[in-house]
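This briefing walks through the enclosed spaces of a protein model, one of its chains and one helix within that chain. Please keep the sequence and the structure in view while reading.

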Amino acid sequence: MSLAFSMDVRKGDFQLRAEGDWPLDGVTAIFGPSGCGKSTLLRAIAGLERSPGNHLRLNREIYQDRRHWIPPHRRAVGMVFQRAGLFPHLSVRGNLDYARRRRTPGRESGVDLGELGVTPLLSRRVGELSGGERQRIAMARALLSAPALLLMDEPLAALDEHAKTGFLSLLEQFSRTARVPILLVTHSIEEVARLADRVAVMHGGILQQPVSVAEALGHPRHGMVPPHQARVVLDGVVSGGDVSDGLVRIQTAAGALRVPGAAAQVGTRTRLRIHARDVAIGLGDVPLESALNHLPGTLTSLSDAGPGLNLLQIRCGEAEIPALITLHSVRRLGLQPGQSVTAKFKSAAISPTPQHPKPQGNSQ
Amino acid sequence: MRLTQDDWQALALTLRLAGVVTGLLLLVCAPLGWWLARTRCRLAGPLEAVLSLPMVLPPTVLGYYLLVLMAPQGGLGRLFTAAGGAPPAFTFTGLVIGSVIYSLPFVLQPVRNSFAALESEALEAAACLRAAPLDRFFTVAVPMAFPGLLTAAILGFAHTLGEFGVVLMLGGSIPGETRVVSIALYDHVEAMNYGAANSLALRLLGLSFLMLLAVNALKPRPGRRGA
């Protein structure tokens, strides 16, 4: 699966330049401030906007070049809009059937309507749905057309806080198991941290090459997070639990971590996020303390992170963990690149607790 | 207040005329309004202005030109003769053609506006769900714009019902062929037969009121359901 594109769009003051040949699997986020052209890129991929001179190829199918233009209804692309775009004259079931009936024959969607929390809504009218319910149905509808690529244009931006929380955890759960590659446009660091595998940052109308989400969120140089917002994202698998303590053990690329959470099934895939400002550095033997997670690693770099602060990168196993430390502590401990250190953090600072409540039918 | 046989005939003819004209107008205005609502073509503006002319033109002026056009020596008259028919002046066909042109802007505007007001995301979503343009038009645009289309149809019907100037110029007053209600009413008044005029006028008044009631019932009311 791959998406190759080269785009140069100018509209008045607005300019968008994007070029790439991206492998597609999992969730790729396109991150940037509002109005920077992210949506334009997505709409061009869907065929909803047409600028001369663009080139676009999905897998082996050319969607646009000098001689070709494939209209949107003949592209194997699904789209979820900021505002759901449901058909108000049809019921929820009618909306879903609309997609089913027009699916390319022989293609299976493999959609689990129950997992998306849509089943209890089937006989409802579109006018009776809440914002979160609309987005769930819009997503189910897009998936039912069995697209080779799912585009999501700020699917959470129009939701209120409560609905956002619910839909985000549904998306998070879905993205861990989704079989269809997703291109997600967002301006929220939180959404990238929870949903994306890779992220391409949009800067001044120019799209950067995608990097892994851990790389983008751990290193301010990618222009996505300022130092005090740096964090690590660790994908892991539940490897055991301690019911009496309410802790679960999660195996990650950085090592095994203990996290508070409901007893999740062993083998459940989950993602942990730890802020650099919650990571402390230890040297040598550690005296008695409350922080549960101690990961041995090597200090790879120190960089300036504003007045009185340094951002450190510590390689632990296969992962790199950023730590935001005062300059005072760096000097006191005499920290140098190449040094063996221990990255320590409280279990309570790890988000989230690895549990994914099933969305309820009547939730917002 | 009883209507004479002639008045009933005039009423039936009027309803038939309005029905035929409304049907034709919907067939013309639905695709035309859809195109006008979405096109970026520069000719759309001038075209809309030309089609809206009947709104501002005195009906007798329009009727006069149409009469010239439909007379045996006129362009349309010759066309009809060449096709083996009769020139449409002073016939029901002539009235239909005249009424379609006269009522067109009153249908086209609401049709165009209701298509233009459609939420673009629903149409774009349909495109991304593999619905071809014609499919999208019939399965998304028309049903979503339906209240607007129905309003347009009622306005076109009502407008044709009440037209006088064009009909007078084009059709005269041939019973069963071109003598519509408004002409019949005029004839009654001319003959100082106010009783007959009154009973016709009252019926038209009632009919117009009912149609306005229908248009109002179709208007989306705030708070009933958020679309």
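For sorting lining residues by class, Ala, Val, Leu, Ile, Met, Phe, Trp, Tyr, Cys and Pro count as nonpolar, Asp, Glu, Lys and Arg count as charged, and the others, Gly among them, count as polar. By that scheme, the lining of the second largest pocket has 14 nonpolar, 4 polar and 7 charged residues. The model is a predicted one, and every value below was computed from it.

**The second largest pocket**

- The second largest pocket holds about 750 Å³ of space, and of the 25 residues that line it, those closest to its centre are L48(A), P72(A), R38(B), E124(B) and R136(B).
- Four helices of chain B, namely α1, α5, α6 and α7, each supply at least two residues of the lining of this pocket.

**Helix α7 of chain B**

- Helix α7(B) spans residues 133–144, and its buried residues are R136(B), F137(B), V140(B), A141(B) and M144(B).
- Seen down the axis of α7(B), these buried residues fall within an arc of 130 degrees, so they line one face of the helix.
- On the face of α7(B) turned away from the buried side sit the exposed residues L134(B) and F138(B).
- The partners against which the buried residues of α7(B) pack come from both chains: α2 (92–101) belongs to chain A, while α1 (5–38), α5 (92–116), α6 and α8 (146–162) belong to chain B.
- R136(B) thus appears twice in this account, as one of the buried residues of α7(B) and as one of the residues closest to the centre of the second largest pocket.

**Chain B as a whole**

- Chain B contains 11 helices and 0 strands, and read along the sequence it follows the pattern α-α-α-α-α-α-α-α-α-α-α.
- Along the principal axes, the C-alpha atoms of chain B fill a box of roughly 65 × 45 × 30 Å.
- Of the 227 residues in chain B, 43% are buried, and the chain exposes about 11,600 Å², of which carbon and sulfur atoms supply 68%.
- When contacts in chain B between residues at least 6 apart in sequence are considered, 71% of them join residues at least 24 apart.

**The largest cavity**

- Rolling a probe the size of a water molecule over the atoms shows where empty space is left.
- The count comes to 2 cavities of 30 Å³ or more, and the largest cavity has a volume of about 50 Å³.
- Residues of both chains line the largest cavity: G78(A), M79(A), F81(A), A84(A), A138(A), R141(A) and A142(A) from chain A, with A125(B), C128(B) and L129(B) from chain B.
- β6 (77–80) and α3 (131–144) of chain A and α6 (120–128) of chain B each supply at least two residues of this lining, and α3(A) gives the most, with 3 residues.
- By class, the lining of the largest cavity has 8 nonpolar, 1 polar and 1 charged residues.

**The second largest cavity**

- The second largest cavity also encloses about 50 Å³ of space, and its lining consists of V27(A), M152(A), L171(A), F174(A), S175(A), I182(A), L184(A) and L195(A).
- Here α4 (161–177) and β8 (182–186) of chain A each supply at least two lining residues, with α4(A) giving the most, at 3 residues.
- The lining of the second largest cavity has 7 nonpolar, 1 polar and no charged residues.

Key: Residues are numbered from 1 along each chain as its sequence is written. Chains are lettered from A and ligands numbered from 1 in the order in which they are written. This is a predicted model: local features need pLDDT of at least 70, side-chain atom pairs count only at pLDDT 80 or more; totals for chains, interfaces and linings use all residues. Side-chain values use heavy atoms; hydrogens and water are left out. On a 1 Å grid over the protein atoms alone, a cavity is a set of points where a 1.4 Å probe fits but cannot get out, and a pocket is an open set with protein on both sides within 12 Å along at least five of seven lines; lining residues have an atom within 4 Å of a point. Grid points are joined across faces, edges and corners, and a volume is the space filled by probe spheres set on the points. Buried means under 20% relative accessible area, exposed over 50%, partly exposed in between (1.4 Å probe, protein chains only). Contact means heavy atoms within 4.5 Å. Accessible areas come from the Shrake-Rupley method with a 1.4 Å probe; for residues, only the protein chains shown count as cover. The arc is that of the directions from the helix axis to the C-beta atoms.
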